[in-house]
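Open the model in your viewer and keep the sequence panel visible. The stops below say what to select and what to look for.

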Amino acid sequence: MARILGIGIAALDIINTVADYPREDDEVRALEQRIARGGNVTNTLVVLSQLGHRCCWGGVLTDGAEARVIRDDLAGFGIEMDAVRLASSGKVPTSYITLNRRNGTRTIVHYRDLIEFSFVDFAKIDLSAFDWLHFEGRNVPETRKMLDHVRRLTDPPPISVEIEKHRDGIESLFDGPAALFFSKPYVTAAGAGGPEEFLATVHQRRPVTELVCTWGVQGAYGIDETGALIHRPACPPVQIVDTVGAGDTFIAGYIDTRVRGLDIATALEQGCQLAGKKCGQTGFDLRSRKQ
Ligand code: ADP
């Protein structure tokens with residue numbers, strides 16, 4: 001078991017499942033609706049906790065009723081919340097998600113009006129007990145300070161950062177982490193020819209950083225210990241049920257494999273297997289379900 005700290009957001013997800021994605025200005029009836037905890041880093045942590053790790057979340061919550069859904073869910077997965085900052089104003093971030101039953105796509109409209117977890121909050125955490133630190137690549141200036149703070153420790157744990165969207169200065173987070181996870185939208189917006197070309201370019205400048213790109217139904221790409229580009233195919237479930245958080249689940253599988261000392265190719269494989277399993281079920285409780 002490793003001790004893993006995740007820094008990022010928890011959100012309230014309002015998920016409407018529809019038979020097919022509506023046209024603009026259409027009115028359609030949802031097949032079902034679910035309200036659940038979401039947020040990239042907390043998704044990753046609840047999966048890691050089910051893989052046997054002791055996980056702690058650093059982020060911001062309110063004491064409003066919506067925050068209870070988040071708190072109860074995280075507590076149910078044994079996620080430690082000592083590092084959580086309570087905001088006296090604002091609302092928890094909310095993701096309005098339209099899940100297309102026909103093909104499994106998830107279209108997200110996100111709203112937030114809450115302070116970000118800051119470097120001052122982060123600096124209060126005793127980092128000596130952690131074996132791995134995972135960050136969402138957001139709030140770039142504060143996150144950069146957090147990464148520098150970790151780098152100054154005598155024996156810093158490995159860091160990973162998820163690069164999901166383009167944000168001003170996000171490239172400044174590429175230096176220092178042991179592993180970077182890039183999303184397909186980020187790579188596509190960066191204008192690269194594809195994941196392989198993108199990874200090869202970033203690898204030239206950062207040859208010792210583990211670089212990973214997830215690519216939806218096409219699986220995941222990475223660069224192994226010898227510097228070779230590798231690809232692992234996705235592991236589709238019998239039926240696609242819910243792709244929300246597939247990437248976060250992939251990251252959990254990857255981190256779990258690496259903290260156990262296994263190699264990068266195995267980490268990509270386990271990431272794809274777990275993410276595929278997750279796509280075949282609703283939510284993140286992976287413990288008792290079979291595909
Ligand atoms: P995100 O969920 O962040 O948008 P991706 O869509 O790239 O991330 O998916 C992450 C991983 O989840 C992929 O590498 C793949 O292994 C798995 N995955 C995503 N969509 C599917 C799918 N339709 N079938 C099987 N596996 C999938």
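Start by selecting strand β12, residues 210–214. This is a predicted model. Strand β12 is mostly covered, with four of its five residues buried.

**Stop 1: the partners of β12**

Add strand β11, residues 179–182. β11 and β12 run parallel and are paired over four bridges. To find your place, show Phe 181 and look across to β12: Val 212 stands opposite.

Now add strand β13, residues 220–223. How does β13 run relative to β12, parallel or antiparallel? The two are antiparallel, and three bridges join them. For a marker, show Thr 214, which stands opposite Ala 220 in β13.

**Stop 2: the turn**

Select the stretch between β12 and β13. These strands form a hairpin, and five residues lie between them. Pick out Gly 216 in this turn. Its phi is positive, at about 55°.

**Stop 3: the ligand**

Keep Thr 214 and Gly 216 on screen and show the ligand. There are 14 residues around the ligand. Which of them come nearest? They are Arg 106, Thr 214, Gly 216, Gly 219 and Gly 247. Thr 214, the residue opposite Ala 220, is thus also a ligand neighbour.

Check three distances in turn, each to an oxygen atom of the ligand:

- Thr 214: an N or O atom of the side chain is 3.0 Å from a ligand oxygen.
- Gly 216: a backbone N or O atom lies 2.9 Å from a ligand oxygen.
- Gly 247: a polar backbone atom is 2.8 Å from a ligand oxygen.

Next, turn on a surface. The ligand taken alone exposes 560 Å², and the protein buries 86% of that. The site is the largest pocket, and the ligand sits in it.

**Stop 4: the helices around the ligand**

Select α7 (246–259) and α8 (264–279). These are the elements that give two or more residues to the shell around the ligand. Which element gives the largest share? That is α8, with three residues.

**Stop 5: another covered strand**

Leave the ligand and select strand β4, residues 54–58. Is β4 mostly covered or mostly open? Mostly covered: four of its five residues are buried. Add strand β1, residues 3–7. β1 pairs with β4 in the parallel sense, over five bridges. End on one of these pairings: show Arg 3 together with Arg 54, its bridge partner in β4.

Terms used
Residues numbered from 1 in each chain as written. Predicted model: local features only at pLDDT ≥ 70, side-chain atom pairs only at ≥ 80, totals over all residues. Heavy atoms only, no water. Buried < 20%, exposed > 50% of the residue type's maximum accessible area, 1.4 Å probe, protein only. Pairing = 2+ DSSP bridges. Near = heavy atom within 4 Å. Polar contact = N/O pair within 3.5 Å; in protein donor to acceptor, adjacent residues only side chain to side chain. Areas by Shrake-Rupley, 256 points an atom, 1.4 Å probe, with all protein chains shown as cover. 1 Å grid on protein atoms, 1.4 Å probe; cavity = no way out; pocket = protein on both sides within 12 Å on 5 of 7 lines; lining within 4 Å. Sits in = over half its atoms within 2 Å of the grid points.
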